[in-house]
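Opening the notebook on this one. I want to go through strand pairing, helix packing and pockets, and jot down what I find.

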Amino acid sequence: MPGTKHHMVEKIPFYFHGNLFDFLPKRIQMPYPYPLFTTTTVKDAIEAIGVPHVEVGAIKVKEEAVSFSYLLQPPDTVEVFPYQPSQKLNDILRPALNEPYRFILDVHLGSLARLLRLSGFDTYYQTEAEDATIAQIAATEKRIVLTRDIGLLKHKIIDWGYWIRSQHKEEQFREVACRYELWSSFSPFTYCLACNGKIVQAPKESVLDLLPSNAAFYFQSFYQCQNCKKVYWKGSHYDHMLQTLERLHSQSPGC
């Protein structure tokens, strides 16, 4: 219509790098023009485009490193880099997280939770835990969220997390071990596979009532979860778990 003025929407060019392309549409061209309708933080813009903030390792605006709270303004040019293991989770984007790392997994990753516990990593997993609960526990207990749900990783209170790419449990384990450099931190049989409680050696007489007759007859050394009281011993199941650990550990090269 005559006399109508069209407001020009400013567009901020975003350049994404590395495996952050896993979250972007195929064949997307760089730079990605993000329309700036109103004042917004670089974090909100990154997640609106599709990348969870926990997957980001560094952000540069006009070649200068910035935090998630940086307010976008023309003529900014933004570069977004993926998290790298060498960063050790200590950067200007999030508070430091000290080792040993602790994990929390969503309902779809029960097999991965078992492998992490088997390898000696404190791993929270409850089949009934909802996303909001997982986010709150992760924030309170300083746990790393592992999930195949991108939306879960966008919860504001989550500082550390990773989107699992594979659907196969051993490849999932390798992804996590490579991302957080876990290969030298294995401590097998320290966490209960059933509940994540600590396992300690237990006198035979103290667990005798919990043992099947063949275990009581053939074995003398026993271990018990301090939480759920499940009893473990070095039978054929133990040998199978050792073989699993050896196979997982043999995958360490090539991260």
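**Notes on a predicted model**

I started with the strands: β11 (residues 222–225) pairs with β12 in the antiparallel sense, over two bridges. I looked up one partner along β12 and found that Tyr 232 is bridged to Tyr 223. A reminder to myself that this is a predicted model.

Next I checked how the sheet goes on. It is an open sheet of three strands, ordered β10-β11-β12, with antiparallel pairing. The edges are β10 (199–202) and β12, each of which pairs on one side only.

**Helix packing**

Then I turned to the helices. I looked up α2 (residues 110–118) against α7 (residues 236–249): they pack at about 95 degrees, and their axes are 11 Å apart. Since angles of 65 to 115 degrees count as roughly perpendicular, that puts α2 roughly perpendicular to α7.

Who makes the contact? From α2 I noted Arg 114, Leu 115 and Leu 118; from α7, His 237, Met 241, Thr 244, Leu 245 and Leu 248. Sorted by class, the α2 contact with α7 comes to five nonpolar, two polar and one charged residues.

**Largest pocket**

I went for the pockets after that. The largest pocket holds about 360 Å³ of space. It is lined by 19 residues, and those closest to its centre are Val 231, Tyr 232, Trp 233, Tyr 238 and Met 241. I recognise two of these: Tyr 232 is the bridge partner of Tyr 223, and Met 241 is in the contact of α7 with α2.

Which elements supply at least two residues each to this lining? I get α2, β12 (231–232) and α7. The most comes from α7, with four residues. By class, I have 13 nonpolar, three polar and three charged residues in the lining.

**Second largest pocket**

The second largest pocket has a volume of about 170 Å³. Its lining, as I wrote it down, is Ser 111, Arg 114, Leu 115, Leu 118, Lys 169, Glu 170, Leu 193, His 237, His 240, Met 241, Thr 244 and Arg 247. I see α2, α4 (169–179) and α7 each supplying at least two residues here, and α7 gives the most, with five. The class split is four nonpolar, four polar and four charged.

I cross-checked against the helix notes: Arg 114, Leu 115 and Leu 118 of α2 line this pocket and also touch α7. Met 241 turns up in this lining and among the residues closest to the centre of the largest pocket.

Technical notes:
Residues numbered from 1 in each chain as written. Predicted model: local features only at pLDDT ≥ 70, side-chain atom pairs only at ≥ 80, totals over all residues. Heavy atoms only, no water. Axes fitted to C-alpha atoms, helices over the stretch in contact; angles between N-to-C directions. Parallel < 35°, antiparallel > 145°, perpendicular 65-115°, else oblique. Contact = heavy atoms within 4.5 Å. Nonpolar A, V, L, I, M, F, W, Y, C, P; charged D, E, K, R; others polar. 1 Å grid on protein atoms, 1.4 Å probe; cavity = no way out; pocket = protein on both sides within 12 Å on 5 of 7 lines; lining within 4 Å. Points joined across faces, edges and corners; volume = space filled by probe spheres on them. Pairing = 2+ DSSP bridges.
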